[in-house]
Amino acid sequence: PMQTEVAGMYTISVKDGGKTVGHSQFEVLPDTMDGDASDVRSLQKSIDADGLDQATIVVTLRDQYGNPLPGRPVTLVSSRSDDVIETDSSDTNVQGEQRFLLSTERSGTIIVRALDLLSGTPIGSSAQISAGAARGGEDTTPVRRTSLRAQTVEFDVIDRFEITAP
């Protein structure tokens with residue numbers, strides 16, 4: 001059972017007395033998207049707030065066994081409505097990754113989150129980028145969401161639409 005948790009093609013053989021009498025192939029498909037096994041990370045900790053400097057954000061979708069989920073559309077959302085997010089692909093690649101570029105003209109802290117559009121499942125981590133601060137550093141560590149309430153307080157803008165709730 002554990003051998004078939006890894007998605008891919010498998011070949012099976014039927015043996016009778018040490019002699020192969022038949023064989024077949026089957027494919028194990030990835031399981032459903034797991035928001036906690038998936039992640040969002042930024043390749044830069046900080047960018048200049050000049051509208052030109054960009055942070056590369058990588059969203060990786062995985063199932064509960066760590067299998068990548070290719071061909072799935074993802075959206076990336078910033079905690080601030082005036083940040084610009086671009087991508088050159090419509091869905092995840094064979095490694096389950098989709099890359100986004102983020103730029104801004106406003107200084108401050110930016111938190112980005114991702115959503116798997118097929119399942120409507122949010123990714124359980126976010127990335128934080130400092131705009132206007134001194135450049136430097138490598139990958140940011142994904143920030144884990146602690147509760148749904150914290151998520152709704154932090155994000156009141158979804159893909160350029162402002163949501164106001166009592």
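D82 is partly exposed, because its relative accessible area is 41%, where partly exposed covers the range between buried (under 20% relative accessible area) and exposed (over 50%), computed with a 1.4 Å probe on protein chains only. The side chain of D82 meets that of R106 in a salt bridge, with 2.9 Å from N to O; a salt bridge here is a side-chain nitrogen of Lys or Arg within 4 Å of a carboxyl oxygen of Asp or Glu. This pair links distant parts of the chain, 24 residues apart, since R106 belongs to the loop between β8 and β9 and D82 to the loop between β6 and β7. R106 also counts as partly exposed, because its relative accessible area is 38%.

The model is predicted, so that local features need pLDDT of at least 70 and side-chain atom pairs count only at pLDDT 80 or more, whereas totals for chains, interfaces and linings use all residues. Residues are numbered from 1 along each chain as its sequence is written, and side-chain values use heavy atoms, with hydrogens and water left out.

**Salt bridges**

The structure holds five salt bridges, and the table gives some of them, including the pair already described.

| Salt bridge | Closest N and O atoms |
|---|---|
| R106 and D82 | 2.9 Å |
| D83 and R80 | 2.9 Å |
| R99 and E97 | 4.0 Å |

Side chains of opposite charge can pair when their charged atoms come close. The burial of the partners can be read beside these distances: D83 and R80 are both buried, while R99 is partly exposed, with a relative accessible area of 41%.

**Strands and their pairing**

Strands are DSSP runs of E with at least two residues, and helices are runs of H or I with at least four, numbered from the N terminus. Two strands pair if DSSP finds at least two bridges between them. An open sheet of four strands follows the order β3-β5-β8-β7 with antiparallel pairing. Its edge strands are β3 (39-42) and β7 (84-86), each of which pairs on one side only. From one strand to the next the twist averages 25°, with axes taken as lines fitted to C-alpha atoms (for helices over the stretch in contact) and angles running from 0 to 180 degrees between N-to-C directions. At the β7 side, three bridges join β7 to β8 in the antiparallel sense, and I85 has L102 of β8 as its bridge partner.

Strand β11 takes part in further pairing: β9 and β11 run antiparallel and are joined by five bridges, whereas β4 (residues 46-47) pairs with β11 in the parallel sense over two bridges. Within these pairings, V112 stands opposite A127 in β11, and S46 has S130 of β11 as its bridge partner. Five of the seven residues of β11 are buried, so that the strand is mostly covered.

G108 lies in strand β9 and is partly exposed, because its relative accessibility is 27%. Its contacts (heavy atoms within 4.5 Å) beyond four places in sequence are R80, I129, S130 and A131. The C-alpha atoms of G108 and S46 are 9.9 Å apart, although 62 residues separate the two along the chain.

**The nonpolar core**

A nonpolar core is a set of buried Ala, Val, Leu, Ile, Met, Phe, Trp, Tyr and Cys residues joined through side-chain atoms within 4.5 Å. The largest one has 20 residues, and V40, I57, V59, L76 and V112 have the most contacts inside it. Two or more residues each come from β5, β6, β8 (97-103), β9 (108-116) and β11 (125-131). Apart from residues up to four places away in sequence, V112 touches V40, I57, L76, V77, S78, L102, S126, A127 and I129. In soluble globular proteins, nonpolar side chains tend to be buried together.

**R72 and D116**

R72 sits in the loop between β5 (55-60) and β6 (74-78) and counts as buried, because its relative accessible area is 16%. The side chain of R72 makes a polar contact of 2.6 Å with the side chain of D116; such a contact is a pair of N or O atoms within 3.5 Å, where, within protein, one must be able to donate a hydrogen and the other to accept it, and residues adjacent in sequence count only if both atoms are side-chain atoms. D116 belongs to strand β9 and is buried, because its relative accessibility is 0%. Setting aside residues up to four places away in sequence, D116 touches M33, L61, R72, P73 and T121, while the contacts of R72 beyond four places in sequence include M33, L61, D91 and T92.
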